[in-house]
Structure formats: C-alpha cells, structure tokens
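Visitor: I am new to this structure and would like a close look at a single part of it. Could you choose one residue in the interior, set it within the whole chain, and then turn to the pocket?

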Amino acid sequence: MKALLLIAHGSRKQAANEEICRLAQQVEALGGDDYGAVIAAFLELAEPSIQQGVERCAELGATEIVAVPYFLAAGRHVAQDIPGELACARAGHPELSIELSQYVGDNEAMPDLVLRCSRQGA
C-alpha cells in the first residue's frame, strides 16, 4: 500500500495544526485510488512528528511513502531538515520505500492558485 505523508511546519496554535489534519483527510478522500492513507505530520511544534507519521504509515500497512512538504519556499526546512528527518526514518524502516516529492510551492499550478485565491478574496 502506498501512503502520502503530508509534512507541515507545525504551530503552537492547535487550530493551525488541525487545519493541516483536515487537509490530509480531504486529500485522502480525493486520492483514494492513489493512496491507501494520507497522514499529516509536523516538522516541529506539533505532533505527530515526521518519525511518528512514518510509524503510523507503517502500522497501516504502507510499503511505500510519498512525503510531500507543505511549504511554499525552499528554505532550510525543505532543503535540509525534512530530508534529514526522512533519512532517519529510512534508516529505522529499511523495509519502506520513502520518497520525497517536490514541495507544494514549487508546483507549476501555484501561479494559478494564487490568482484563484486573489479572485475569491476580492
């Protein structure tokens, strides 16, 4: 089974973390044919951590995990911290295939999304 691990920064505000969890549920409902599970995980300040998210995917029967950084720019977290966390997860779970996808902000659909948001807010 293939799982999607949606990785966000994490916030001290629980409502912000819950928003990411709701997004993961919505993605799971939309991508049910592609992913048997979509799990939200956080780099810091919230749980589940990335390691806990990988553990949850494994518990659900995942053999492949696609990790999607829910970040807009390729700062230190995208370039170093998330790949480092995933390297640790791979070492702890050699039976899993864990792939890192492009981060959300790098997607070619982003300019259109920005315009769509601007039209809805105006």
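Guide: Read from the N terminus, the elements of the protein chain in this predicted model follow the order β-α-β-α-β-α-β-α, which comes to four helices and four strands. The radius of gyration is 14 Å, close to the 14 Å that the globule rule gives for 122 residues, so the chain is as compact as a globular protein of that length. Of those 122 residues, 34% count as buried, and among contacts between residues at least 6 apart in sequence, 71% join residues at least 24 apart.

Val54, the residue to look at closely, is found in helix H2, which covers residues 50-59. Its relative accessible area is 0%, and because buried means under 20%, Val54 counts as buried. Leaving aside neighbours within four places in sequence, Val54 is in contact with Leu5, Ile65, Ala89, His93, Leu96 and Ile98. One of these partners, His93, lies 39 residues from Val54 in sequence, while the two are 8.7 Å apart in space, C-alpha to C-alpha.

As for the pocket, the largest one has a volume of about 510 Å³, and of the 20 residues that line it, the closest to its centre are Val27, Val68, Tyr70, Val104 and Asn107. Strand E1 (2-8), helix H1 (14-30) and helix H4 (110-121) are the elements that give two or more residues to this lining, with the largest share, four residues, coming from H4. By class, the lining has 13 nonpolar, four polar and three charged residues.

Key:
Residues numbered from 1 in each chain as written. Predicted model: local features only at pLDDT ≥ 70, side-chain atom pairs only at ≥ 80, totals over all residues. Heavy atoms only, no water. 1 Å grid on protein atoms, 1.4 Å probe; cavity = no way out; pocket = protein on both sides within 12 Å on 5 of 7 lines; lining within 4 Å. Points joined across faces, edges and corners; volume = space filled by probe spheres on them. Nonpolar A, V, L, I, M, F, W, Y, C, P; charged D, E, K, R; others polar. Buried < 20%, exposed > 50% of the residue type's maximum accessible area, 1.4 Å probe, protein only. Contact = heavy atoms within 4.5 Å. Rg over C-alpha atoms; globule rule 2.2 N^0.38 Å.
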